[in-house]
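Here are my notes on the structure, in the order I'd go through it on screen. Have it open while you read.

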Amino acid sequence: MKVLGTPGPLSLLLYSNSPPFSYPLSSPSIFSSTIRCHNLHKSMAACIDTSRATNPSQLSERPNTSQPDGNHFSYGNLCRPPFPNHVSREPFNGNHTKTVPTREFVDFPFEEEAGAIWLTMKEEARLDVEQEPMLSNYYYASILSQNSLESALASHLSIKLCNSSLPSTTLFDSFMAVLVEDQGIIKDAEEDLKAVKERDPACISYVHCFLNYKGFLACQAHRVAHNLWSQGRKVLALLIQNRASEVFDVDIHPGAKIGSGILLDHATGVVVGETAVIGNNVSILHNVTLGGTGKASGDRHPKIGDGVLIGAGTCILGNIKIGDGAKIGAGSVVLKEVPPRTTAVGNPARLVGGRENPIKLDEIPSFTMDHTSHITEWSDYVI
């Protein structure tokens, strides 16, 4: 590999017309080299491999092309810098001279102290890489190179929610600060992972949920946004809400309060208003709205109890209570309170068994995910 440069401060050139980087196919072992990257205009970067150059100021002129010396490099960390290997992100032009800063180290839990779910996720990731070697860089950057569930979640969300004017590194710093400060978010995220794995038969592993389930990711993005909202940082909280809505098609106001063990199944089209409250171990399917009844301000959104199951396409409107262990049938419009352990279905929704003597559920519907029991008794409609 030919290297250009002279001792002294590192001069960074602006490659405005260069093509974007792509991930090469390689094994995780190629990440053993320490690579320091500076983001350049339009996602370009100039990379230094400190294991191969005795002078850290030497700069590769063409870092994205193969070199004649036969050595291999990976740019898997280009868009996903592992915490704490951050470098300065100050804007610069072609005449700007910048010295490579020293690393800032932050303590993370050792593997021995990590939770069981995180260790299981790393093992699942290794097995996935064995089955699909072409995904090795992706799994390494997302899971295997991370020191904790906190750093993995901050990294994954920052990549998902970034755009051309909102860099992933900026989001990563904000997410990581919140997750380190509020460990309750990670505990809730672990309960959410368990909920998805136990209740959704389509979920094949924890790592599959973590990487691919937009309902899970939208819920974790909301937890971060809610923390910021509670601290008075409403502008940043609303920005995260907007990006999550655009990326995941899930619109949860950062003021809404959500418990743990939440399953947003499919999740597309879920809308949750500012003063809504969702209890623990709740299962919600796609196209569900927890909204208001008009433009009135104040406490105006539903309160969902523990263990509730809400079917697809349901609208629950107004400051009403859905009791613990209740079930709302798909396509229902609920405008009045639903007692605990009962089933409501229809437009407008009616209680199965009648208002005076509704049928009581024996099991927690959010756990069983049973959408049809007792509903056939409510209607004589036959296809």
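1. Which strands each supply at least two residues of the lining of the second largest pocket? They are β17 (333-334) and β19 (350-351). Before going further, keep in mind that this is a predicted model.

2. Staying with that second largest pocket, the space in it comes to about 320 Å³. The lining has 13 residues, and those closest to the pocket centre are Lys 336, Ala 349, Arg 350, Leu 351 and Arg 355. Sorted by class, the lining of this pocket is made up of eight nonpolar residues, four charged ones and one polar one.

3. Strand β17 turns up again in a sheet. Five strands make an open sheet, running β5-β8-β11-β14-β17, with parallel pairing. At the edges sit β5 (250-252) and β17, each of which pairs on one side only. Inside the order, β8 (residues 270-272) and β11 (residues 289-291) are paired in the parallel sense over two bridges. If you want a place to look, Val 272 stands opposite Leu 290 in β11.

4. Edge strand β5 also brings us to the enclosed space. I'd look at the cavities next: there are four of 30 Å³ or more, and the largest has a volume of about 60 Å³. Which elements each supply at least two residues of its lining? Those are α7, α8 (234-248) and β5. Helix α7 provides the largest share, with four residues.

5. For anyone who wants to select the residues around the largest cavity, the lining consists of Ala 218, Ala 221, His 222, Ala 225, Ile 240, Gln 241, Ala 244, Val 250 and Ile 252. By class that gives seven nonpolar and two polar residues, with no charged ones.

6. Helix α7 has a second role in these notes, through its salt bridges. The structure as a whole holds seven salt bridges, and Asp 188, Asp 192 and Arg 223 are linked in a network of them. The Asp 188 to Arg 223 contact is 3.6 Å, N to O. Asp 188 lies in helix α5 (residues 183-199) and Arg 223 in helix α7 (residues 214-230), so this pair ties together parts that are 35 residues apart in sequence.

7. The other arm of the network is the salt bridge between Asp 192 and Arg 223, where the closest N and O atoms are 2.7 Å apart. This pair too links distant parts of the chain, with Asp 192 in α5 and Arg 223 in α7, 31 residues apart. Are the members buried or partly exposed? Asp 192 counts as buried because its relative accessibility is 0%, and Arg 223 is buried as well, at 7%. Asp 188 has 24% relative accessibility, so it counts as partly exposed.

8. Set against that network, take the salt bridge between Glu 123 and Arg 126, at 3.5 Å from N to O. Why are these two about one helical turn apart? Because they are three residues apart in helix α1 (residues 116-131). Glu 123 has 40% relative accessibility and so counts as partly exposed; Arg 126, at 40%, is also partly exposed.

9. Last, the rings. Searching the whole structure turns up two aromatic pairs. Tyr 138 and Tyr 139 are edge-to-face, with 5.9 Å from centre to centre and 85° between the planes. Tyr 138 is partly exposed, with a relative accessible area of 27%, whereas Tyr 139 counts as buried at 8% relative accessibility.

10. In the other pair, the ring centres of Phe 210 and Phe 216 are 6.1 Å apart and the planes are at 50°, so the pair is tilted. What about burial here? Phe 210 is buried, with a relative accessible area of 0%, and Phe 216 counts as buried at 5% relative accessibility.

Note on methods
Residues numbered from 1 in each chain as written. Predicted model: local features only at pLDDT ≥ 70, side-chain atom pairs only at ≥ 80, totals over all residues. Heavy atoms only, no water. 1 Å grid on protein atoms, 1.4 Å probe; cavity = no way out; pocket = protein on both sides within 12 Å on 5 of 7 lines; lining within 4 Å. Points joined across faces, edges and corners; volume = space filled by probe spheres on them. Nonpolar A, V, L, I, M, F, W, Y, C, P; charged D, E, K, R; others polar. Salt bridge = Lys/Arg side-chain N within 4 Å of Asp/Glu carboxyl O. Buried < 20%, exposed > 50% of the residue type's maximum accessible area, 1.4 Å probe, protein only. Pairing = 2+ DSSP bridges. Phe/Tyr/Trp six-rings, centres within 6.5 Å; stacked < 30°, edge-to-face > 60°.
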